[in-house]
Amino acid sequence: MATKRIQAYQDVLKRTPKHIDFDGKISEQFGKNVFHAEAMREYLPSEAYKSMMEAIQNGTRLDRKMADQVASAMKDWAITKGATHYTHWFQPLTGTTAEKHDAFFKPVGPGRALERFDGDLLVQQEPDASSFPNGGIRNTFEARGYTAWDPSSPAFVIGKTLCIPTIFISYTGESLDYKMPLLKALHAVDESAVAVCQYFDKNVTKVNATLGWEQEYFLIDQALFNARPDLMMTGRALFGHDSAKGQQLEDHYFGSIPERVTAFMREFENESIALGIPVTTRHNEVAPNQFECAPIFEECNLANDHNLLLMDLMEKIARKHDFRVLFHEKPFAGVNGSGKHNNWSLSTNTGINLLAPGKNPKSNLQFLTFFVNTIKAIHDNADILRACIASAGNDHRLGANEAPPAIISTFIGTQLSALLDEIEHNVKEGKMSAEDKTELKLNIGKIPQIMLDNTDRNRTSPFAFTGNKFEFRAVGSSANCASAMIVLNTIMANQLKAFKVSVDTRIENGESKDEAILKELQHLIQDSKKIRFEGNGYGDEWVVEAEKRGLANLKDTPRALKAWANEKVKEMFNELNVLTPRELEARQEIEFENYILKIQIEARIIGDMVQSQIIPAAIEYQNKLIQNVQGLVNVLGENVGKEAAKTQLELITKISEHLNSMKAHADKMLDARKKANSIEHAEDKAIAYCDNVKVHFDDIRYHADKLELLVDDELWPMPKFREMLFTR
Ligand code: ADP
Ligand code: MG
């Protein structure tokens, strides 16, 4: 009888692409399932429309009467799109999104029903929150949480459901999600950045953070996925020998995207377009069966909602095409992992990208101000930047010579490095001479011509300047971007606030505005120098050099997460009103728990697969060999028979050796797991899982993968890498 694996593989070979016919032009489809400004104008009375626009642009509150009107309009609009239900869509700290569905339809008496949806239901909901992580917040305070409407992100219809983006908070007002602190961080950076912009342009009244993410993912056939408990339960192949053909031949082999994949991409792209996600047809293939999708950047909160929505869509649509999409950071050892680059910048209501060099010395001084302040913020807060991207999955990626190292640094390119060096050395304390000023001005004025084409593309840096934005490359593919964006925007808000205070003091003490800014920038450049690194981030020399510079190299999540306990970090988040110390503590606890859970599940699955799949397959093959040896001895006699069975005997011994070693490590792992489970304290437990449990994974795998090579292909139970990664 063929193994499950062989059956699955045969299914895969029979697949054909499932092309979907689309009608209409893309431009006509864009945002058709979104309750955006135009739809609002059509459905809302003008007064309510105005309050809605106010709420979206300035975060003002809608009163009850307006909320009722918006709810009613939203419902009428959604019904024309075929919606029968609505849901508050939110982002609990589990990393995915959650929904609770309710029908518009309400019975109002025997045999009678009405379509009902009012302001109350729009504005607030009470999902059964007890199953979402809360880091102890709800245990101590109040047992329930509620979701509250975020008018700044538009509602949308998927299938028959109206989805309303919401924040998720406890009854005592503490955030239990990613969206609420993100909105607060965006507000903080808006305030600080506007204040600094006022030095340059009084017309700036609003600064938005922008986010353009690039989502990497793997696609695996559903049948093969289902034949691997590890992929099903953890999103990662916990066993599996590299296929003989790896990534080495990428240019030859991965030229064109298979038609089945194209059909999948076209469908999710089309759905995304209808939901207003500005995906462009840019899909790269990176490693075998790995792909990337990168929409055009948007305002940060919206971009983040769109990322989560797209991940959701991809998972659903992949199944229709008999695929599973893997967002795990490292599903296959030996092949590139997946990241989610977060391209970030700040842009003003006057249409200026604050991280893009301008056309004259004045706008370039503004650019330099934001640029240098970003570097200083990275320098001062490298520890929490590391912490905000830490996860069990990302640990496999950072520092693995295909993704940025775990050391946080920033790359800015030769031209800007030279300019910063010049400012550092040539701006003089005290009165600057007219010539000095002119020369500096000239050089600052020169940035635009040299910049965009000269920003070297250093792909090894975790935080690189790429001409008109910074690219945070260390973010993991499965992460909610908000985690990184909360930190980045908060530290930027904090830095800009401090900058403003220092420059104002200088101005009060008689310096001219430009001089005060330049001198302050000079200090920031000096103080943040050690975070700048232009070399190869994958090299071993960098690890040594970084240590000399005093930069941290935290290789695992439990160590990285310690940064959240830092008093200064708590103060900063509290002062900027992004997260209270209690909320931060709760988040750290949740992160430790997430880590423990992930490693715990992996350990269990490893144990199960060793016991119920790998050992039986190896023994079955070994028995076949033993029978064969016995047969040979029977036929040829003891001496000649054994001589003839030399290969078989060797195999029998090798299999036993690997079986025993594998089992011994698995036993040790089980022991360590039991010990770790008895630890109460989340941080200590996470460290025990990292140092004492996880350390056995590679050893167990080493022997299992050796067995994969030894055992008869027909008997091996789990799909092999070559089948999963190269079947088209
Ligand atoms: P890469 O070379 O890293 O693949 P690309 O230049 O192709 O990068 O893509 C960069 C990403 O940066 C795109 O998703 C784009 O939307 C985004 N981006 C461009 N400008 C900005 C900006 N001002 N703010 C945020 N993101 C931006
Ligand atoms: Mg990129």
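How many salt bridges does the rule find across the interface of domain 1 and domain 2? The rule finds zero salt bridges there, in a structure that is a predicted model.

The protein chain is divided into three stretches, which are listed here with their residue ranges.

| Domain | Residues |
|---|---|
| domain 1 | 31-177 |
| domain 2 | 186-579 |
| domain 3 | 594-724 |

Where domain 1 and domain 2 meet, 19 residues of domain 1 are in contact with 14 residues of domain 2. The area buried between domain 1 and domain 2 is about 1,300 Å², and carbon and sulfur atoms give 52% of it. Although the interface of domain 1 and domain 2 has zero salt bridges by the rule, eight residue pairs, both members at pLDDT 80 or more, are in polar contact between these domains. On the side of domain 1 that touches domain 2, strand β7 (residues 156-158) contributes the largest share, with three residues. That side of domain 1 divides into seven nonpolar, nine polar and three charged residues.

Salt bridges do occur in the model, since a search of the whole structure finds 37 salt bridges. One of them joins the side chains of D322 and K18, with a distance of 2.9 Å from N to O. D322 lies in the loop between α13 (300-320) and β13 (323-326), while K18 lies in the loop between α1 (4-13) and α2 (26-29), so this pair ties together parts that are 304 residues apart in sequence.

A metal site offers another link between distant parts of the sequence. The magnesium ion (ligand 2) has as its protein donors E214 (OE), E214 (OE), H341 (ND1) and E471 (OE), which lie 1.9 to 2.5 Å from the ion. The donor residues follow the sequence spacing E-x126-H-x129-E. Because E214 lies in strand β9 (residues 207-221) and H341 in strand β14 (residues 340-348), the pair ties together parts that are 127 residues apart in sequence.

Further along the chain, V633 lies in helix α24 (residues 581-636). Leaving aside neighbours within four places in sequence, V633 is in contact with E638, G641 and K642. V633 and R673, by contrast, are 40 residues apart in sequence, and their C-alpha atoms are 46 Å apart in space.

Definitions and conventions
Residues numbered from 1 in each chain as written. Chains lettered and ligands numbered in written order. Predicted model: local features only at pLDDT ≥ 70, side-chain atom pairs only at ≥ 80, totals over all residues. Heavy atoms only, no water. Domains from an automatic or database assignment. Contact = heavy atoms within 4.5 Å. Buried area = accessible area lost by both parts, 1.4 Å probe. Salt bridge = Lys/Arg side-chain N within 4 Å of Asp/Glu carboxyl O. Polar contact = N/O pair within 3.5 Å; in protein donor to acceptor, adjacent residues only side chain to side chain. Helix = DSSP H or I, 4+ residues; strand = E, 2+ residues; numbered from the N terminus. Nonpolar A, V, L, I, M, F, W, Y, C, P; charged D, E, K, R; others polar. Donors = N, O, S within 2.8 Å, 3.2 Å for Na, K, Ca; no water.
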